[in-house]
Amino acid sequence: MNLTVCIPTFNEELNIKKCLDKLKWVKKIYLLDGNSKDKTVEIAKKFKNTKIIKLKKNIDYTKKLNMLLSFNKNKWVLVLDADYVLTDKLINEIKKINFKKLEKEKIFGLKIKIYNKIFGKIIEENIYPKKILIFKNKNCFYKKIGHSEKLFLNSKIIELSEYVNHENLNDILNFSKWKNNQIKYSINESYKICNLSFIKLRIQDKIRRFPPLNIIILFLYLIFLKKIFWYGKAGFFYLFQRMYYETILSFSIFKNYIKNFKT
């Protein structure tokens, strides 16, 4: 299959083996490592289909993605985070894809659902945004927007039926690191929410403009609409993570309001 996998990494020893174990059917994997201090590279070296590109120092995640794309121009690529694990059903669906047919139909992007897997339990709710993970790398690039990255792909996009699991053990086993990341994400996201035109904001970001209304609505949404409690301790852990992030995001938005008011 003419499909190359691209994975940016930095200190992912808890996740990378699970990710690569499900990619043994792929001929070539490019792993771009930002000078990890743990066993990420050591683990990845055990996989013969993985080419490791080591940086002298870690760089911005979006820059890593664009660097990976520069190695794979005009190819079909599957871009994964190190904590994404393909399901067997998704692998079978990908293997059946006729890429030549897609190109004839001017379809160059495939969007995939992402479900969180916590304590071995898959939270099968469309809470996490779907992403274009498979695409023809033809004049494509990533741009950082808020705390996340957006792929700019000028073509038709279709959605696959299966999903990928998001299994980040770092979030569970290293709370201090996770907390610091959430604070960093909230600062970037609050800047985008406060400075972008209200009309251009997504509905959830429009609500976030009015804290603490966003916290109340998110809680009601997850409890009553998504019935997150059905997933037991995994659901409540996810609820805690989302509520924690939404709360510190509200504080960041307040700080932006105060800063703008003073100026």
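Which residues are buried in helix H4 (residues 88–95)? Let's begin there and then walk through the rest of this predicted model.

## Helix H4 and what covers it

The buried residues of helix H4 are Leu90, Ile91, Glu93 and Ile94. Around the helix axis they cover an arc of only 160°, so they sit on the same side of H4.

Several strands help to cover these buried residues of H4, including strand S5 (84–86), strand S6 (107–118), strand S8 (131–136) and strand S11 (156–166).

## Helix H7, one face inward

Helix H7 runs over residues 175–195, which gives it 21 residues. From its first C-alpha to its last it reaches 30 Å, close to the 30 Å expected at 1.5 Å a residue.

Its buried residues are Trp178, Gln182, Ser186, Glu189, Ser190, Lys192, Ile193 and Cys194. Viewed down the axis of H7, these buried residues fall within an arc of 165°, so they line one face of the helix.

## Strands S9 and S10

Strand S9 (residues 141–145) and strand S10 run antiparallel and are joined by five bridges. One of the pairings is easy to find on screen: lysine 143 has lysine 150 in S10 as its bridge partner. The hairpin of S9 and S10 has two residues between the strands, and glycine 146 takes a positive phi near 70° there.

The side chains alternate along strand S10 (residues 148–152). Glu149 and Leu151 point to one face and are buried. Ser148, Lys150 and Phe152 point to the other face and are not buried.

## Aromatic rings and lysines over rings

The model holds 14 aromatic pairs, counting ring centres within 6.5 Å. In one of them, phenylalanine 240 and tyrosine 244 have ring centres 6.0 Å apart and planes at 45°, so this pair is tilted. What separates these two along their helix? Phenylalanine 240 and tyrosine 244 are four residues apart in helix H10 (residues 232–262), which means about one helical turn lies between them. Phenylalanine 240 is partly exposed, with a relative accessible area of 40%, and tyrosine 244 also counts as partly exposed, at 21%. Ring pairs link Phe240 and Tyr244 with Phe175 and Trp178 into a cluster.

Lysines also meet aromatic rings. Lysine 28 lies over the face of tyrosine 30, at 6.0 Å from the ring centre. Lysine 233 lies over the face of phenylalanine 119, and here the distance to the ring centre is 5.1 Å.

## Backbone spots worth a look

Most residues other than glycine have a negative phi, and most peptide bonds are trans. With that in mind, here are some places to inspect. Proline 211 and proline 212 are joined by a cis peptide bond, with omega about 5°. Proline 212 is found in the loop between helix H8 (203–208) and helix H9 (213–225).

Asparagine 139 is not a glycine, yet has a positive phi of about 60°. Asparagine 139 lies in the loop between S8 and S9 and is exposed, with a relative accessible area of 73%. Lysine 227, another residue other than glycine, has a positive phi near 50°. The loop between H9 and H10 holds lysine 227, which is partly exposed at a relative accessible area of 30%.

## Two buried residues and their contacts

Is leucine 78 buried or exposed? Leucine 78 is buried, with a relative accessible area of 0%, and is found in strand S4 (residues 76–79). Not counting residues up to four places away in sequence, leucine 78 touches Leu3, Thr4, Val5, Cys6, Leu23, Leu86, Leu133 and Ile134. Lysine 200 is 122 residues from leucine 78 along the chain, and their C-alpha atoms are separated by 29 Å.

Alanine 234 has its place in helix H10 and is buried, with a relative accessible area of 2%. With residues up to four places away in sequence left out, alanine 234 touches Ile118, Phe119, Lys121 and Ile123. Alanine 234 and lysine 179 are 55 residues apart in sequence, and from C-alpha to C-alpha they are 18 Å apart in space.

How values were computed. Residues numbered from 1 in each chain as written. Predicted model: local features only at pLDDT ≥ 70, side-chain atom pairs only at ≥ 80, totals over all residues. Heavy atoms only, no water. Phe/Tyr/Trp six-rings, centres within 6.5 Å; stacked < 30°, edge-to-face > 60°. Buried < 20%, exposed > 50% of the residue type's maximum accessible area, 1.4 Å probe, protein only. Lys NZ or Arg CZ within 6 Å of the ring centre and 35° of its normal. Expected span 1.5 Å × (residues − 1). Arc of directions from axis to C-beta. Pairing = 2+ DSSP bridges. Contact = heavy atoms within 4.5 Å.
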